[in-house]
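Biologist: I would like to learn how to read a structure of this kind, one feature at a time. Could we take it step by step?

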Amino acid sequence: MSLIARWYGHGLADGIALDTTTAGPGDTHFDTATAGAAHVDASGLHPPRIRLDQQPSGPAQLVWSSATIGTLDAYAIRTYLEMNAWPSAGAPLCQAYGSGNTALRWRVDITLAGILRLRDASNTIIATATTALPAGEELRPEIVVDGTDAQVTVHAGDDESEPLVSLAGTVGATIDAIRFGSPNTAPTWPTLHYGALAVANTATPIGARSHAASGMWAVDASLTADPHARHHATGTWDAEAEMQAAPRTRRRAAANWAIEAALTIDTGISPLYVQAGGEWRPADVREMTGGAWRLA
């Protein structure tokens with residue numbers, strides 16, 4: 001998997017307006033951002049994130065178009081999402097377009113009762129959730145499309161267990177634009193936040209964003225395909241001297257890797273992190289024996 005677009009916003013000041021140049025180190029700026037509708041917000045599970053405020057009788061959108069994502073037939077999209085309340089009528093959360101960002105391929109929207117729906121290229125509802133999503137909580141929608149087969153799941157935050165909602169259906173093929181937010185003039189959204197947005201060029205779920213109990217992982221300005229250091233809120237993780245382009249282990253200077261306080265044998269969470277799809281994520285754990293983690 002390779003992330004071809006992502007927005008984390010590290011290093012951006014709280015409250016600044018977001019336009020087509022607003023991006024943190026390693027971020028992919030949006031090709032279109034509705035003027036005055038989006039601001040950086042230093043809150044949420046993986047701060048900062050984007051607060052999208054729909055203007056009265058106007059749209060509010062963030063768009064990655066073909067200039068960024070090219071043309072895709074198999075892909076995955078992930079975002080963290082929080083709504084303080086439901087819209088007054090059905091409103092889109094994420095949608096994809098083709099033919100030069102002119103023709104709808106699919107749309108995921110939510111009703112005034114918090115019910116998630118998947119629509120096809122003709123904007124027909126093809127799958128509807130049976131339970132409402134919670135308002136005021138950070139959720140993680142993931143959309144995976146392989147040709148015309150679409151799978152939509154929503155997890156609670158970083159949770160990787162059974163999703164709160166799962167939808168599937170047949171949608172339009174070949175996209176060249178992904179839109180977050182609403183192109184419509186109504187309804188006006190309540191407070192709406194997006195965070196850790198990412199697009200991958202394979203039809204595999206991207207998964208939860210990595211983090212540590214003592215703070216959030218932040219993008220290092222010098223982090224590239226050949227990383228040598230990783231910045232953490234409470235210190236800098238240093239690379240072993242012999243590390244090359246494909247690092248497999250990390251160490252922290254003059255200290256051991258801290259294990260999360262709640263870590264147990266069965267959590268599946270490791271104090272070791274690996275780079276996958278451009279993100280640092282916990283390594284899978286099989287068991288802990290004699291104080292040593294045995295990794296998958």
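The dialogue below goes from the whole chain to the sheet, the cores and the rings.

Biologist: Before we look at details, what kind of model is this, and how many helices and strands does the protein chain have?

Modeller: This is a predicted model, and its protein chain has 1 helix and 23 strands. Buried residues make up 49% of the 296 residues, and the chain exposes about 12700 Å², of which carbon and sulfur atoms supply 52%. Among the contacts with a separation of 6 or more, 58% are between residues 24 or more positions apart.

Biologist: How should I read a sheet, and which strands form the open sheet here?

Modeller: Strands of a sheet pair through backbone hydrogen bonds, and the pairing is either parallel or antiparallel. Here an open sheet of 7 strands follows the order β2-β5-β14-β7-β8-β9-β10, and the pairing is antiparallel. Its edge strands are β2 and β10 (125-128), each of which pairs on one side only. Within the sheet, strand β7 (residues 91-98) runs antiparallel to strand β8 (residues 103-110) and is joined to it by 7 bridges, and Q95 stands opposite R107 in β8.

Biologist: Strand β9 also belongs to that order; is R117, which is found in this strand, buried or exposed?

Modeller: R117 is found in strand β9 (residues 116-119), and it counts as buried because its relative accessibility is 15%, with the cut-off for buried being under 20%. Leaving aside neighbours within four places in sequence, R117 is in contact with several residues, including R107, D109, I125 and L167.

Biologist: What should I look for in a nonpolar core, and which residues of the largest one touch the most other members?

Modeller: In soluble globular proteins, nonpolar side chains tend to be buried together. The largest nonpolar core of this model has 51 residues, and W106, L116 and F180 touch the most other members. Beyond its neighbours within four places in sequence, L116 is in contact with residues among them L93, V108, I110, A127, V152 and L167. Apart from the largest core lies another one of 10 residues, among them L3, A76, A198 and A208.

Biologist: How is a pair of aromatic rings described, and how many aromatic pairs are there?

Modeller: A pair of aromatic rings is described by the distance of the centres and the angle of the planes. The count for this model comes to 3 aromatic pairs. One of them is formed by F30 and W64, whose rings are stacked, at 4.7 Å centre to centre with 20° between the planes. F30 lies in the loop between β1 (3-7) and β2 (32-33) and W64 in strand β5 (residues 60-64), so this pair ties together parts that are 34 residues apart in sequence. F30 counts as buried, at 0% relative accessibility, and W64 is buried as well, with a relative accessible area of 0%.

Biologist: What kind of pair do W64 and F180 form, and which parts does that pair tie together?

Modeller: W64 and F180 form an edge-to-face pair, 6.0 Å centre to centre with 85° between the planes. Because W64 lies in strand β5 and F180 in strand β14 (residues 177-182), the pair ties together parts that are 116 residues apart in sequence. Ring pairs link F30, W64, F180 and Y194 into a cluster.

Biologist: Where do charged side chains lie over rings?

Modeller: R179 lies over the face of Y97, at 3.6 Å from the ring centre, while the charged end of R209 sits over the ring of Y8, 3.7 Å from its centre.

Definitions and conventions. Residues numbered from 1 in each chain as written. Predicted model: local features only at pLDDT ≥ 70, side-chain atom pairs only at ≥ 80, totals over all residues. Heavy atoms only, no water. Phe/Tyr/Trp six-rings, centres within 6.5 Å; stacked < 30°, edge-to-face > 60°. Helix = DSSP H or I, 4+ residues; strand = E, 2+ residues; numbered from the N terminus. Buried < 20%, exposed > 50% of the residue type's maximum accessible area, 1.4 Å probe, protein only. Lys NZ or Arg CZ within 6 Å of the ring centre and 35° of its normal. Contact = heavy atoms within 4.5 Å. Areas by Shrake-Rupley, 256 points an atom, 1.4 Å probe, with all protein chains shown as cover. Core = buried A, V, L, I, M, F, W, Y, C linked by side-chain atoms within 4.5 Å. Pairing = 2+ DSSP bridges.
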